[in-house]
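Here are my notes on the cross-links and ring contacts, as promised. Have the model open while you read.

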Amino acid sequence: MKYLFLALLISMPAFSKEVLNYTCPIDKNLKTEISLLDKNAPTIDLFYKKSKFATCLYENTPESHAADPRALIQDAIWQLKLKSCNYYFEKDRDKIHVDKSISFKQSQKGPSYLAVVENAQPLTCTPKK
């Protein structure tokens with residue numbers, strides 16, 4: 001019985017669910033969400049007062065590297081390049097200025113960071129429920 005418990009305890013990271021959607025608040029009215037459902041073409045949604053006003057499509061670059069589950073630090077680094085942005089409301093276009101090339105540090109054990117806003121610090125992201 002104790003061997004079964006030990007095997008389950010050691011293999012727990014193998015059964016953990018992969019997080020693919022993150023939310024990153026900018027201030028009380030503005031936030032971004034990143035979706036990694038398509039690993040080659042992640043999307044970033046821009047929100048103002050809980051209303052989505054744009055979706056930006058990025059493409060993965062060769063500088064990105066996936067997380068290594070055997071490594072001590074299991075972070076994935078995404079280096080993305082802007083393909084297109086689709087704005088739903090022109091009046092909100094100037095609320096968030098997205099950068100043409102962004103980075104996302106996807107951490108399994110700590111906070112994740114998204115550098116998407118031009119001339120600003122990276123945003124702290126949490127998994128979206």
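**Notes on rings and disulfides**

1. Start with Phe 53 and Tyr 87, both of which are buried. Keep in mind throughout that this is a predicted model.

2. Searching the whole structure turns up 2 aromatic pairs. One of them is formed by Phe 53 and Tyr 87, with 6.5 Å from centre to centre and 25° between the planes. The angle is under the 30 degrees cut-off, so the pair counts as stacked.

3. Where do Phe 53 and Tyr 87 lie? Phe 53 belongs to strand S4 (residues 51-60) and Tyr 87 to strand S5 (residues 75-87). The pair therefore ties together parts that are 34 residues apart in sequence.

4. Now the disulfides: the whole-structure search finds 2. Cys 24 is joined to Cys 125, S to S 2.0 Å. That pair links distant parts of the chain, with Cys 24 in strand S1 (residues 21-25), Cys 125 in strand S8 (residues 123-127), and their positions 101 residues apart.

5. Which hand does the disulfide of Cys 24 and Cys 125 have? The torsion about its S-S bond is about 105°, so the disulfide is right-handed. As for burial, Cys 24 has a relative accessible area of 0% and is buried. Cys 125 is buried too, at 3%.

6. The other bond to look at joins Cys 56 to Cys 85, S to S 1.9 Å. This link is right-handed as well, with 105° about the S-S bond. Cys 56 sits in strand S4 and Cys 85 in strand S5, so the pair ties together parts that are 29 residues apart in sequence.

7. Are Cys 56 and Cys 85 buried or partly exposed? Cys 56 counts as buried, with 0% relative accessibility. Cys 85 comes out at 26%, so Cys 85 counts as partly exposed.

8. Put the strands side by side: S4 and S5 hold the stacked rings of Phe 53 and Tyr 87, and S4 and S5 also hold Cys 56 and Cys 85. For the connectivity, number the bonded cysteines in sequence order and the pairing reads 1-4, 2-3.

9. Last, two lysines over rings. The charged end of Lys 31 sits over the ring of Phe 47, 5.0 Å from the ring centre. With Lys 95, the charged end sits over the ring of Tyr 48, and the distance to the centre is 4.4 Å.

How values were computed
Residues numbered from 1 in each chain as written. Predicted model: local features only at pLDDT ≥ 70, side-chain atom pairs only at ≥ 80, totals over all residues. Heavy atoms only, no water. Phe/Tyr/Trp six-rings, centres within 6.5 Å; stacked < 30°, edge-to-face > 60°. Helix = DSSP H or I, 4+ residues; strand = E, 2+ residues; numbered from the N terminus. Buried < 20%, exposed > 50% of the residue type's maximum accessible area, 1.4 Å probe, protein only. Lys NZ or Arg CZ within 6 Å of the ring centre and 35° of its normal. Disulfide = S-S within 2.5 Å.
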